[in-house]
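Hi,

Here's the structure I promised to pass on. Have a look at it first, and then read on for what turned up.

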Amino acid sequence: MKAVVYACMANGLEEVECLAAVDVMRRCGIEVKLVSMSGELLITGSHGIKITADMLWEDGDPGEADCIFLPGGMPGTKHLAEHQGLCLALKQAVDEERRVAAICAAPSVLGGLGLLSGKKATCYPGFEERLTGAEYTKQGVVTDGLVTTARGLGYALDLGLEISALLVGKETAAEVKDGIQYDFV
C-alpha cells in the first residue's frame with residue numbers, strides 16, 4: 001500500500017517550503033495530496049504565488065494520511081492554527097500513531113495543541129516560545145517519535161527526505177537525494 005501524506009495549504013503559506021518537500025516526497029513514490037484549507041482550490045502564498053490544490057479539506061479523509069504536513073509562512077500558519085478540523089485531525093493522527101510534520105512557523109501549531117510536549121523540536125527563529133513543552137534545538141530537521149519539525153525554507157528538501165525516509169525507507173530517500181544532485185555540505 002502506498003504511503004499517503006496530506007500537505008495542508010492555507011492562504012499565506014510559504015510556497016517553496018511546501019512544494020520542495022512535496023516534490024521530494026512524490027519522487028519517493030509517496031502519494032502527496034495538496035489539501036486546501038480555505039474552501040477554494042486556488043491558494044495564494046505569502047509571496048503571491050498561486051498554487052492549485054488537489055482537493056478541499058472537507059472532501060478528504062485525514063484518517064487515510066500516514067502523515068499530515070504543515071508548511072509554514074505567515075499568515076498561512078495562523079490560518080492552519082485556526083482550522084478546527086485540522087487541529088482535531090493532528091491530535092487524532094498522533095493518538096493513532098501516525099506522523100505529523102511542520103516547518104518554519106508551523107511547528108507552533110503543533111506546540112499549541114500540546115503535541116510537542118516532552119519532545120525535541122525546531123522552528124523558525126522567533127517562534128521558539130510557541131513550541132509549548134518542547135526542548136528547542138537549532139537543528140535543521142528534527143524527528144522525535146511521530147513528530148518531525150524543520151527550521152525553515154533552507155531545510156525544505158531535508159524535510160521532504162526525512163519524511164520520505166520515515167514512510168518509505170532510507171534507501172529510497174537516499175536514491176532520490178542522489179538523483180536530484182543534492183549534496184548537503
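A quick word on terms before we start: a helix here is a DSSP run (H or I) of at least four residues, and helices are numbered from the N terminus. Also keep in mind that this is a predicted model.

With that in hand, take helix α2, which covers residues 76–82 and includes glycine 76. Is glycine 76 buried or exposed? It's buried, with a relative accessible area of just 1%. So what does glycine 76 touch, if you skip residues up to four places away in sequence? The answer is Ala10, Asn11, Gly12 and Leu13. Glycine 76 and alanine 10 are 66 residues apart along the chain, yet their C-alpha atoms are separated by 5.0 Å.

Helix α2 also has a salt bridge in it: lysine 78 pairs with glutamate 82, and their closest N and O atoms are 2.9 Å apart. These two sit four residues apart in the helix, so about one helical turn separates them. Lysine 78 is partly exposed at 47% relative accessible area, and glutamate 82 is partly exposed too, at 48%.

There are six salt bridges in the structure. Another one joins glutamate 96 to arginine 98, with the closest N and O atoms 2.9 Å apart. Here glutamate 96 is partly exposed, at 41%, whereas arginine 98 is buried, at 12%. Some salt bridges share partners, and that links Glu31, Lys33 and Glu64 into one network. Within it, lysine 33 and glutamate 31 have their closest N and O atoms 3.7 Å apart. Lysine 33 has 15% relative accessibility, so it counts as buried, since the cut-off is under 20%. Glutamate 31 is partly exposed, at 33%.

Now for the inside. In soluble globular proteins, nonpolar side chains tend to be buried together. The largest nonpolar core in this model has 31 residues, and Cys8, Ile68, Leu70, Leu86, Leu90 and Leu110 have the most contacts inside it. Two or more residues each come from β1 (4–9), β6 (67–70), α3 (84–95), β7 (99–103) and α4 (107–112). The biggest giver is α3, with five residues.

If you want one residue to click on, try leucine 86. Leaving out neighbours within four places in sequence, it contacts Cys8, Met37, Trp57, Ile68, Leu70 and Leu80. Apart from this core lies another one of 25 residues, including Ala20, Ile30, Ile103 and Leu159.

Have fun exploring!

Conventions: Residues are numbered from 1 along each chain as its sequence is written. This is a predicted model: local features need pLDDT of at least 70, side-chain atom pairs count only at pLDDT 80 or more; totals for chains, interfaces and linings use all residues. Side-chain values use heavy atoms; hydrogens and water are left out. A nonpolar core is a set of buried Ala, Val, Leu, Ile, Met, Phe, Trp, Tyr and Cys residues joined through side-chain atoms within 4.5 Å. Buried means under 20% relative accessible area, exposed over 50%, partly exposed in between (1.4 Å probe, protein chains only). Contact means heavy atoms within 4.5 Å. A salt bridge is a side-chain nitrogen of Lys or Arg within 4 Å of a carboxyl oxygen of Asp or Glu.
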